[in-house]
Amino acid sequence: MTSKAPLVSLLPKPVIFLDREISLLMFNRRVLAQAEDKRLPLLERLRYLCIVSNNLDEFFEVRVASLLAQDALHPDAALAAMFERIATECHALVKQQYDILNTEVLPQLRQRGVHLVRHNDRNEAQRAWVKQYFDQQVRPLLTPIGLDPAHPFPQVSNKSLNFIVSLSGKDAFGRGTAIAIVKAPRVLPRVIELPEHLSKGGGQSFCLLSSVIHAHMEEMFTGRDVLAYSQFRVTRDSDLWVDEGEVKNLRQALKGELQGRQFGTAVRLEVAKNCPAELSQFLLDQFNLDPGRLYPVDGPVNLVRLAEMISQVRQPSLRFAPFFPGVPPKMANMDIFEQMRKHDILLHHPFQSFQTVIDFICVAAQDPQVVAIKQTIYRTGMDSDLMAALVTAAQRGKEVIVIVELKARFDEEANINWADKLEQAGAQVVYGVVGLKTHAKVALVIRREADGLRYYAHLGTGNYHLTTARLYTDFGLLTANQQMGEEVNEVFIHLTSLTKPHKLTHLWLAPFALQSELVKAIRNEARIAKAGRPGRIIVKVNAMVDESLIRALYAASHDGVKIDLIVRGACTLRPGVPGLSENIRVRSIIGRFLEHSRIYYFRNDLAHDVYLASADWMSRNLFRRIEVAFPVLDKALKRRVINEGLNPYLKDNSNAWELDGDGVYHRRRVRGKQAEFSAQRYLMELLGTTENSIDH
């Protein structure tokens, strides 16, 4: 600790904060490193390549699109420089991605009997089968469009597979139309498995739809010579925009916007690496894109589609071994309300089953003593037992209030459909607060018992979504603490009535108190450290980019507080900088499961305050969303959060990356006589089970 003024008060922003966009792309580099990791099964390495592609799609659809819109309104040199940095990093990332695919993953899969065969690699029997498949399944659905004044360039939807074709000679009417476009229908599978008898050595052979169309391109232009062709894909701005202050019905307005999402402003163009320059330029002109947003790729323009092959391969050894989540002790055969009355229940997903949460709502829907169920929904999926239970509860005459966030990006359609079903069943559906996304994860059951109405609540860090609950790490708390239940009810009343919530003792609610309570807790640790006692903060979040909280952490570091940050994705804090952040360490864990839990720990003179939350440390979460952070009050459960959600991740030397003050991540390696330790593997062994003993 030093008496000098904190460096944070003297340095300009670019020096004390890392670049958010580059930090987000660095996260994808860490995911890409998983695809290079020879310790992992081959199909899982391929899956990581698909994940990077999906992440980059969203990066362009949302982040780049937003920056371009900003630049269109207020152009400046800083934004231009940022676009250059983004382009440089993205081009390098994409090149590395396809290098891994072509030089490591696909050759090694071939050695294991899994073949992705291109036209030049197919033997005569395979070509004959592909020809028949094209004639019967593909050709009838294709409609090539020769471009002329009566046939203008067609509407090309977001991320769809298309082909541009250069032709010689004259068309059937004697005119020299030189360019044609072929759109691949979305109803066709992108990965096609060849019959077993056509596969080499008893393995499995696949081909891509793009390869099938390539091989038979000339058949679609009889009487013309095909000079050149290339697959292409355009990525578009996918953010929905409605003026919530003007529209009368947000659900109807969003339904209209969803139809237009496929045709937003173009932000990126992908073509095959051998696409002739004149065809690339023609497409750039059509989509009004500059050359820096052209991405020639050495393979399929949409790697995400290779996930279809992963699911079809019949070799379990090429995937992670199956994992079966555990069930909390005594939960399997005991009434859930009785269990909650005895003590709070902490669930750590995916290591423990999410079925317990679904059962909580399903039991409540059928229980005659339950009079009301209240629930927030951000992401839940098209097929959800939990949502079906809410529909059943409403049909049985219970008061069902559901706060459905219609603007949950890329889940809008599913949420609109559930809102329709819930209203038809008689539930009261509210779409949150105008201008704020409802991101909190809370559910409340109100039950009539002998001593009156009693609250039973679930609060979580993750969505009420069974699929992601199997893949994301999250915590959930089931509690019959009546004070906590009353405060959860206050949050629901606030969201439905739009009245100011009463003072909350336990819950930290954004956008009202969460940021200020966090700053207060950080400053309290600084005060403790300045008094000569240990100050300690550990935070686990998905993103750390809010300047106000980062400045508070810098100040606490200056005062001697020891700070560990476990940040999966973007982090703009510079750790380990003398005079600024020498007491702060930052690490990121990338493993089998997506790290998603949000945990805030403050030592507070051995009080060991532990909060779980729906909110990352981003300005949007603190000021533009409804978020809830909630305390873990039970001492035993508090220890569990620390010993399961924090300490193993600080010990991890298998999946951990450490951030330095220059914004570079370094993979943590086993040192000396250390044993390799993976936090996720440890938790699988600690909390999981050896067999699928539950319907999960």
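This passage describes a pocket, a buried strand and a buried residue in a predicted model. Residues are numbered from 1 along each chain as its sequence is written, and side-chain values use heavy atoms, with hydrogens and water left out. In this predicted model, local features need pLDDT of at least 70 and side-chain atom pairs count only at pLDDT 80 or more, whereas totals for chains, interfaces and linings use all residues.

The second largest pocket (on a 1 Å grid over the protein atoms alone, an open set of points where a 1.4 Å probe fits, with protein on both sides within 12 Å along at least five of seven lines) holds about 630 Å³ of space. Its lining (residues with an atom within 4 Å of a point) comprises 24 residues, with R118, S211, H214, Q231 and N274 nearest the centre. By class, 10 are nonpolar, 10 polar and 4 charged. At least two lining residues each come from α4 (77-111), α6 (209-215) and β7 (225-236), and α6 gives the most, with 4 residues.

Strand β10 (residues 345-349) is largely enclosed by the rest of the structure, because 5 of its 5 residues are buried (under 20% relative accessible area, 1.4 Å probe, protein chains only). I345, L347 and H349 point one way from β10, and L346 and H348 the other way. In a regular strand the side chains alternate between the two faces of the sheet. β10 pairs with strand β17 (residues 472-479) in the antiparallel sense over 5 bridges (pairing requires at least two DSSP bridges), and L347 stands opposite G476 in β17.

T438 belongs to strand β14 (residues 437-438) and is buried, at 0% relative accessibility. Leaving aside residues up to four places away in sequence, contacts of T438 (heavy atoms within 4.5 Å) include Y378, I403, E405 and I626.

Note on methods. Grid points are joined across faces, edges and corners, and a volume is the space filled by probe spheres set on the points. Ala, Val, Leu, Ile, Met, Phe, Trp, Tyr, Cys and Pro count as nonpolar, Asp, Glu, Lys and Arg as charged, and the others, Gly among them, as polar. Buried means under 20% relative accessible area, exposed over 50%, partly exposed in between (1.4 Å probe, protein chains only).
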